Amino acid sequence: MDALVVGPGLGRDGVSQKVVQQIVKRAKEMNIPMVVDADGLALVCADPTLVRGYRLAVLTPNKAEFQRLREAVKAEAEGVCSEEKRILQENEGGGGTEEEEREKVAAVARWLGNVTVCRKGQPDIISDGRHTVVCDAEGSWKRSGGQGDVLSGLLGTFVAWSKAKGKLTPHDDHCEGVPTLVAAAYGASTLVRVCSVAAFTKRRRSMTAPDLIHEIGDVFDRTYELDETRQLHRNSNL
């Protein structure tokens, strides 16, 4: 297995959650990178140690999920006098400036031992606590239910490709430039946004998440494929 996506469609059933806890623990033992979204984040909120310090994990909360994650992390910080605790407690309503929002995401990532956090919103903020980037690529006028699931699937794919290329290590403290998982999250976030524009152009207000999936191939080619790669593809079809 190259990568694991945990959460979309999981549900909150106690038995399922316990089974997934064991799967996550086993994946960590095997150094398998993972993307945690949706109901998988409920597991992390209940027990932040599940991912703490596992730098092959990417969490993808929306604003509401991030607030719950932040509350769980803040509860652990009680009794600790530190700059991190101050940042975690500031702006409880989530209405801070973009710089303040970026620092809150970075603070949560640091408290969790430098896992990567991609907080979805406008814009998406991505940080591993050391490096923070913002994806503000234009999206469509409609956000469909299930769009976050498309993001977690694409991110899982990008992470798997990174592992296959030997770009991921469990304890990489010396990254040159943007760390691989931060870059993967940024790439997936951008791709979803561009796909949503393409889908909305065709479907308008009837757009649903599967419409984004249908756009992935063409949008990926336009957004990421190099000219040399396109030429190879054309030559292979001659």
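This is a short tour of a structure, stop by stop, for use with the viewer open. The model is predicted. Numbering starts from 1 along each chain.

**Stop 1: the strands**

Select β4, residues 116-119. Which residues sit on its two sides? Thr116 and Cys118 lie on one side, Val117 and Arg119 on the other. These four residues are buried, so both faces of β4 are covered. In a regular strand, side chains alternate between the two faces of the sheet.

Now add β3, residues 57-59. β3 and β4 run parallel and are joined over 2 bridges. Pick Leu59 to see one contact: its bridge partner in β4 is Val117.

Keep Val117 selected and bring in β5, residues 124-127. Here the pairing with β4 is antiparallel, over 3 bridges. The partner of Val117 in β5 is Ser127. Val117 therefore has a bridge partner in β3 as well as in β5. Follow the chain from β4 to β5: the two form a hairpin, with 4 residues between them.

Stay on β5 and show its side chains. Asp124 and Ile126 point one way. Ile125 and Ser127 point the other way. All of them are buried, Asp124 included.

Next, select β6, residues 132-135. How many bridges join β5 to β6? There are 4, and the strands run antiparallel. Click Ile126 in β5, then its bridge partner in β6, Val133. β5 and β6 also form a hairpin, again with 4 residues between them. In that turn, find Gly129, where phi is positive at about 90°.

**Stop 2: the cysteines**

Select Cys135, in β6. Is it buried or exposed? Cys135 counts as buried because its relative accessibility is 0%. Cys135 is in no disulfide. The nearest cysteine sulfur belongs to Cys118, 8.0 Å away. Cys118 is one of the buried residues of β4.

Move to Cys45 for a contrast. Its relative accessibility is 22%, so Cys45 counts as partly exposed. Buried would need a value under 20%. The structure's disulfide count is 0.

**Stop 3: helix α5**

Select α5, residues 98-111. Put a distance between its end C-alpha atoms: they are 20 Å apart. Why does that agree with the expected span? At 1.5 Å a residue, the 14 residues of α5 should span 20 Å.

Now colour the buried residues of α5. Among them are Val105, Ala106, Ala107, Val108 and Ala109. Trp111 is buried too, and so are Glu101 and Lys104. Step just past the helix to Gly113, which takes a positive phi of about 85°.

**Stop 4: a cavity**

Last, look for empty space inside. The structure holds 2 cavities of 30 Å³ or more. Go to the second largest, with a volume of about 40 Å³.

Which residues line this cavity? Select Val6, Val20, Val24, Val36, Gly40, Leu43, Val44, Leu50 and Val51. Two elements give two or more residues to this lining: α1 (14-29) and α2 (39-46). α2 gives the most, with 3 residues.

Colour the lining by residue type. The lining of the second largest cavity has 8 nonpolar residues, 1 polar and no charged. The polar one is Gly40, because Gly counts as polar here.

Methods:
Predicted model: local features only at pLDDT ≥ 70, side-chain atom pairs only at ≥ 80, totals over all residues. Heavy atoms only, no water. 1 Å grid on protein atoms, 1.4 Å probe; cavity = no way out; pocket = protein on both sides within 12 Å on 5 of 7 lines; lining within 4 Å. Points joined across faces, edges and corners; volume = space filled by probe spheres on them. Buried < 20%, exposed > 50% of the residue type's maximum accessible area, 1.4 Å probe, protein only. Disulfide = S-S within 2.5 Å. Expected span 1.5 Å × (residues − 1).
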